[in-house]
Amino acid sequence: MTSLLIVTAEAKTALSIQAPLARSGFACAAVSYDNAAAEFSRQAPELVILELSGRDDAREWKLISRLKKRPDLPLIALVPEQALTVLDDHPEIDDFIVGAYKESELVLRVNRLLHRSGDSVNPDEIRCDGLTIDMVTCEVTVNGGKVELTFKEYELLKLMAASKGRVYTRQVLLDKIWGYDYFGGDRTVDVHVRRLRGKIEDGNHTYIETVRNIGYRFIKNA
């Protein structure tokens, strides 16, 4: 399921944005600007929606600059009409909606931006160079052939493939897949990633890359 992050100043605004996207099959987390950086690091979303105040707020643009350190991350801004001139100085915003909007417009813009950035419009599938992850059936195929994965292997693949190019440390993978209360060592991650790669990769397909002394990432251009 495609993961979205919504950043707003008020909780009631977040709910009005979250509801239509959730009905369309997206996983949506909503946070305030104060908590956005921490949630972004924890969740690794595939698209971010930001409510702008209408002022050239340094806090807002500082967050946007941080988000765009991931250049493949699409950003949509909800902009008051009086803030349109501010956007001229901030090309980091990939798309925007002015003032009141229809729910159908929001969903359409999210889907179009995900499609433009290389992700599937179907929020229940991830497709990458012959590899397909169906998050409804929890099935993985490579060039149409079904691949049998363990639960942990599947969760590792889904997590990394949903954020292509992002480097995950072994500790982060342990926390996300095995849980914060797991006391096993980094070797657990290495063993599972090695087995996973053996099942989905061959001489013509490489999906997961080892980042020396750090961890792993799903190859961005896969």
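Okay, let's start with one residue, Glu105: partly exposed, with a relative accessible area of 26%. In this talk, buried means under 20% relative accessible area, exposed means over 50%, and partly exposed is in between, using a 1.4 Å probe and protein chains only.

Before I go on, this is a predicted model, where local features need pLDDT of at least 70, side-chain atom pairs count only at pLDDT 80 or more, and totals for chains, interfaces and linings use all residues. Residues are numbered from 1 along each chain as its sequence is written, and side-chain values use heavy atoms, with hydrogens and water left out.

So, back to Glu105. Which residue does Glu105 meet in a salt bridge? That's Arg109, at 2.9 Å from N to O. A salt bridge here is a side-chain nitrogen of Lys or Arg within 4 Å of a carboxyl oxygen of Asp or Glu. Side chains of opposite charge can pair when their charged atoms come close. Both residues sit in helix α5, residues 103–116, four residues apart, or about one turn of the helix. Helices (H or I, at least four residues) and strands (E, at least two) are DSSP runs, numbered from the N terminus. Arg109 is partly exposed too, with a relative accessible area of 26%. And add Asp95: together with Glu105 and Arg109, Asp95 is linked in a network of salt bridges.

The structure holds twelve salt bridges, so let me show you a couple more. Asp190 and Arg170 meet through their side chains at 2.7 Å, N to O. This pair links distant parts of the chain, with Asp190 in helix α8 (residues 187–200) and Arg170 in helix α7 (residues 170–178), 20 residues apart. Are they buried or exposed? Both Asp190 and Arg170 are buried. Then there's Arg127 with Glu125, whose closest N and O atoms are 2.9 Å apart. Glu125 is buried, at 16% relative accessible area.

Next, the nonpolar cores. By that I mean a set of buried Ala, Val, Leu, Ile, Met, Phe, Trp, Tyr and Cys residues joined through side-chain atoms within 4.5 Å. The largest core has 29 residues, and Ile208 and Phe218 touch the most other members. Its largest share, six residues, comes from α6. Leaving aside neighbours within four places in sequence, Ile208 is in contact (heavy atoms within 4.5 Å) with residues including Met160, Val193, Leu196 and Phe218. There's also a second, separate core of 22 residues, which includes Leu5, Ile64, Leu67 and Leu75.

Let's zoom in on Ile64, in helix α3, residues 58–67. Ile64 is buried, with a relative accessible area of 0%. Again skipping neighbours within four places in sequence, Ile64 is in contact with Leu50, Leu52, Leu75, Glu92 and Ile93.

Last stop: helix packing. Two packed helices are described by the angle between their axes and the distance between the axes. How do α6 and α8 pack? At an angle of about 80°, with their axes 10 Å apart. The axes are lines fitted to C-alpha atoms, for helices over the stretch in contact, and angles run from 0 to 180 degrees between N-to-C directions. On the α6 side, the contact is made by Lys152, Glu153, Leu156 and Leu157. On the α8 side, the residues include His192, Val193 and Leu196.
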